Amino acid sequence: MKALVINLTRFGDLLQTQPVISALAAEGYETAMVCLKNFASTTGLMRDINEVFPLPGAALLAALDRDWHEALRIYDSYCSEIAERFAPDLVINLTPSIPARLVALRLGKGCSVRGFAVDSFGFNADTSRWAQFLQMASANRGASPFNIVDLFSRVAGIERPVPFRLADSSPTDRIAAVNLLETDAPGVEGFIGFQPGASEDRRRWPVERFRELGSRVWKEMRRVPVLLGTASERELGDRIMDGADFPAVNLMGRTSLPELSAVLRRLDLLVTNDTGTMHLAAGAGTPVVAVFLATAQPWDTGPAAEGCLCLEPDIECHPCPFGVKCTRENECRHRIGADSIFHAVTAFIREGKWPEMENMGVRAYLSGRDDAGFMLLSSLSGHEKTDPYRWIFLQREIYRRFLDDEDLSGASIGDYRFSSEFISRLSVPLSECRDLLFLLSRQVMLLQSDPMKNIKVKFLANFQRIHDILSSCPELSVLAALWELESRGQESLDGLVTQLKSYSAIVGALSASFE
């Protein structure tokens, strides 16, 4: 059997496809990967991939600018080559973009397709609610309770996610890593990696904090900081070392990806922002201290390995929504001090475990897995009794059943004991939504027996009202987006009836949790 996995994303997300690939290999599939040409080298870090088909995205875009006929010929030639050389029995598309859907459409003819698809008329035809949830959660990350590796697995039809483990380093790369880490500093007892870069400046822990941490790990622990990153991030490394009173190994822009993977395996641990290097370290088995700032938050993009430490500022506006300018001058960047991370690093190196971190101005989480195999974060800072933490757990319990199309009516939901303020804020929109769903269920019955135009207009207006009510509450934004997406895809009254029943069940289950 042959499976073709499509993932047209960047370095970090591409690495996080590994559990899907590993699960397919365990089922006996020979697996090929479709990825962007610019990131094709990433697949060399992964295991269980039999063949790679890099998509020439730049060439396609350039051809579109010149003549769409030329672009169509490139697309046709690309798909034909895959069909001839690989001929998949199963196509799994993990990217909701139009190019990815078109590749899945072309190569999925005559075989099974999972994930993001289109029908014969060119409209979205996602194969599960998990796919819809992944698409909506990417734009509403503050409201997503699942790690992206688990979402990829469920979109791919894998019931129980498998551990995230990348390919081992080659002997040549291991030797290169030893040579790269050579230092003349006396009394070296180990190395601690620093990854100061990030996709946005506001998601970077300040360089002065890295400098302060570097000074302390050297003077008090005799660990040499190893600066990691791309050539374009060298300026950050220069700033860290400007006035530094400690030795360091600066590898920024000096390693290939395989060499970087080998270097990570020789570190005591890595201190990093939310980056592709973080995911590479997690997949390589390197202990990680990951800092999440601004729009980054660990529940969905955290390291997908057990035993990692995730930190975010203990500030009520974190994580901030996408596309919204910060009104607090990026205060969250400065909330996590070097003392907090040094305290954690010291305990881990000396005792082999991350410490409790209460009253340190951070939300600290230890990564692990729940009974279903999904990534889980356990609080190390006393935040397990807070509303946001409990809300994440309630969503995980209810959404998993909803997305798997399980019966939520009468479901036994745990006692989460939210604050009265939180209950008041969410119970109002949930109650309004529940009443309106009941009204819609009656209106659709009338439409089924007599499709009168005036009733149909009111019915459709009420459908929009459901979205408006849910989207008015940030904690319900993902459900609002799911409702709208699923509504647009309905082609019959029977489909609307099914949708109304399932959303009445999830809104009812959420409402019951606040009563």
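Which residue of E2 does Ala3 stand opposite? Keep that question in mind while you load the model, which is a predicted one, and take in the whole chain before selecting anything.

**The whole chain**

Displayed as a cartoon, the protein chain shows 19 helices and 13 strands, and its C-alpha trace spans about 85 × 60 × 40 Å along the principal axes. A compact globule of 515 residues would have a radius of gyration near 24 Å, and the 25 Å of the protein chain agrees with that.

**The five-stranded sheet**

Select residues 2-6, which are strand E1, together with residues 30-36, which are strand E2; these two strands pair in the parallel sense over five bridges. Here the opening question is settled, for Ala3 stands opposite Thr31 in E2. Now widen the selection to the open sheet of five strands, whose order is E3-E2-E1-E4-E5 and whose pairing is parallel. At its edges lie strand E3 (51-55) and strand E5 (112-115), each of which pairs on one side only, and from one strand to the next the twist averages 20°.

Add residues 68-85 to bring in helix H4, which lies across E1, E2 and E3 and runs at about 170° to E3. A little further along the chain, select Ala87, which is found in the loop between H4 and strand E4 (90-93). Ala87 is not a glycine, yet its phi is positive, at about 50°. That deserves a look, as most residues other than glycine have a negative phi.

**The eight-stranded sheet**

Move next to the open sheet of eight strands, which has mixed pairing and the order E8-E7-E6-E9-E10-E11-E12-E13. Its edge strands are strand E8 (249-250) and strand E13 (375-379), each pairing on one side only. To see an antiparallel pair within this sheet, select strand E11 (residues 309-313) and strand E12 (residues 362-369), which are joined by five bridges; within that pair, Cys310 has Tyr365 of E12 as its bridge partner.

Two helices that pack on this sheet can then be added in turn. Helix H12 (residues 276-284) touches strand E6 (190-195), strand E9 (269-273) and strand E10 (288-291), and its direction makes about 150° with that of E9. Helix H14 (residues 338-351) touches E6, strand E7 (223-227), E9, E10, E11 and E12, and its direction makes about 155° with that of E9.

Before leaving this region, select His318 and Pro319, which are joined by a cis peptide bond with omega at about -5°. Pro319 itself is placed in the loop between E11 and H14.

**Helix H15 and its partners**

Select residues 129-137 for helix H6 and residues 387-403 for helix H15, which pack with their axes 9 Å apart at an angle of about 130°. The two helices are therefore oblique to each other. Showing side chains, you will find the contact made by Arg129, Trp130 and Phe133 of H6 and by Tyr399, Arg400, Phe402 and Leu403 of H15, a set that comprises five nonpolar, no polar and two charged residues.

Keep H15 on screen and add H19; here the axes are 11 Å apart and the packing angle is about 155°, so that H15 and H19 are roughly antiparallel. H15 passes H19 in a right-handed crossing. On the H15 side the residues are Trp391, Leu394, Ile398, Tyr399 and Phe402, and they meet Ser502, Tyr503, Ile506, Ala509 and Leu510 in H19. This contact divides into nine nonpolar residues, one polar and no charged.

**Helix H16 against H19**

For the last stop, hide H15 and select helix H16 (residues 420-449) with helix H19 (residues 493-512), whose axes come within 9 Å and cross at roughly 160°. That angle makes H16 roughly antiparallel to H19, and H16 passes H19 in a left-handed crossing. The H16 side of the contact consists of Leu430, Ser431, Cys433, Arg434, Leu437, Leu440, Ser441, Val444, Leu447 and Gln448, while H19 contributes Leu493, Asp494, Val497, Leu500, Tyr503, Ser504, Val507, Leu510 and Ser511. Coloured by class, the residues of this contact divide into 12 nonpolar, five polar and two charged.

Terms used: Residues numbered from 1 in each chain as written. Predicted model: local features only at pLDDT ≥ 70, side-chain atom pairs only at ≥ 80, totals over all residues. Heavy atoms only, no water. Axes fitted to C-alpha atoms, helices over the stretch in contact; angles between N-to-C directions. Helix = DSSP H or I, 4+ residues; strand = E, 2+ residues; numbered from the N terminus. Parallel < 35°, antiparallel > 145°, perpendicular 65-115°, else oblique. Left-handed = near helix turned anticlockwise from the far one by under 90°. Contact = heavy atoms within 4.5 Å. Nonpolar A, V, L, I, M, F, W, Y, C, P; charged D, E, K, R; others polar. Pairing = 2+ DSSP bridges. Rg over C-alpha atoms; globule rule 2.2 N^0.38 Å.
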